Amino acid sequence: MLNREVKSGVHLIHGYSNSFIVEAEDGLVLIDAGFNPQAKSIRRYIREKLPRRKVKAIVITHNHVDHVRGLRCLVKEYSPEVLAHPADSAVIRGEAPYSVRGGLLKPLFWILLRLFDTPKVEVSRELTDGEKYSTLTVIHTPGHTSGHLSFLDEKRSILFTGDAIADRRGRLALPPNIFNQNPSDVKKSALKLAGLEFETLLPSHGEPILSDASQVFRNSPLLKTLN
Ligand SMILES: [Zn+2]
Ligand SMILES: [Zn+2]
């Protein structure tokens, strides 16, 4: 899978979870920091493809380890602003451990997550529903975590869903319930996203839907399961 510019000024970096680089007038805005603790693919991509651009900010969809583990390294290298929802900030700051729901697997997850350090970086600014940051409108989509955020780039007509909606081998899907803090809110949040207009859907897991994405979503089998 190729790391690439998926739409003008928006770059997809694959990883255990995808990260995105959004070009803005005054620098680059990263969406999520990925699972690799050195953020290798993200740093290499910037070095090779966007070497003269300043990384001005990293916005975080949510505090799961596969989305924030590269954060400390990226902050050290670029000194960007770090932005997240207040409900997810404590883990990023290192004031709380990674949380797990996990069901019957909870003890296993609990042990696994103790292997990973939280990023322990300062959240410079907290984002709440409806506000704008750079080219992005913040959409609070709680459920997967209570501070989960999706982002709409209205000008480019792109929805970044985070883990609120994933693509699983060509099918839109909700994240598995063992990973969701509040499963009924996950459904409500997905419905909230279904009410928006966007040409392109970029999920943190899976592949993009590049055109007619809000229609594709509204016509998907997933939507029928949400009501
Ligand atoms: Zn997640
Ligand atoms: Zn994820």
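**Strands, helices and core**

Biologist: Which residues of helix α4 (residues 86-93) are buried in this predicted model?

Modeller: Helices (H or I, at least four residues) and strands (E, at least two) are DSSP runs, numbered from the N terminus. A residue is buried if 20 or more other C-beta atoms lie within 10 Å of its own, exposed if 12 or fewer, and partly exposed in between, with C-beta atoms placed from the backbone. The buried residues of α4 are D88, S89, V91 and I92.

Biologist: What arc around the axis do these residues cover?

Modeller: The arc is that of the directions from the helix axis to the C-beta atoms. The buried residues lie on the same side of α4, because their arc is only 165 degrees.

Biologist: Which pLDDT do local features need here?

Modeller: Residues are numbered from 1 along each chain as its sequence is written, while chains are lettered from A and ligands numbered from 1 in the order in which they are written. In this predicted model, totals for chains, interfaces and linings use all residues, side-chain atom pairs count only at pLDDT 80 or more, and local features need a pLDDT of at least 70.

Biologist: Which elements are included in what covers the buried residues of α4?

Modeller: Contact requires C-beta atoms, placed from the backbone, to lie within 7 Å. The cover of the buried residues of α4 includes α2 (65-68), α3, β6 and β7.

Biologist: Which strands stand at the edges of the seven-stranded sheet?

Modeller: Two strands pair if DSSP finds at least two bridges between them. This open sheet has mixed pairing and the order β1-β2-β3-β4-β5-β6-β7. Each edge strand has a single partner, so one side of it is left without a neighbour in the sheet; these strands are β1 (4-7) and β7 (125-126).

Biologist: What angle does the direction of helix α1 (residues 40-49) make with that of β2?

Modeller: Axes are lines fitted to C-alpha atoms, for helices over the stretch in contact, and angles run from 0 to 180 degrees between N-to-C directions. Helix α1 packs on the sheet, touching β2 (10-13), β3 (19-24), β4 (27-31) and β5, and its angle with β2 is about 140 degrees.

Biologist: Which residue of β6 is the bridge partner of I58?

Modeller: Strand β5 (residues 55-59) runs parallel to β6, and three bridges join them. The partner of I58 in β6 is V82.

Biologist: Which residues have the most contacts inside the largest nonpolar core?

Modeller: A nonpolar core is a set of buried Ala, Val, Leu, Ile, Met, Phe, Trp, Tyr and Cys residues joined through C-beta atoms within 7 Å. Not counting residues up to four places away in sequence, L30 touches S19, I21, I42, V55 and I58. The largest core has 51 residues, and those with the most contacts inside it are L30, I58 and V59.

Biologist: Which residue of β14 stands opposite L159?

Modeller: Five strands form an open sheet with mixed pairing, in the order β8-β9-β10-β11-β14. Strand β11 (residues 158-162) and β14 run parallel and are joined by four bridges. Opposite L159 in β14 stands L201.

Biologist: Is S79 buried or exposed?

Modeller: S79 is found in the loop between α3 (71-78) and β6 (81-84), and it has a positive phi of about 45 degrees although it is not a glycine. Because 11 other C-beta atoms lie within 10 Å, S79 is exposed.

Key
Contact = placed C-beta atoms within 7 Å.
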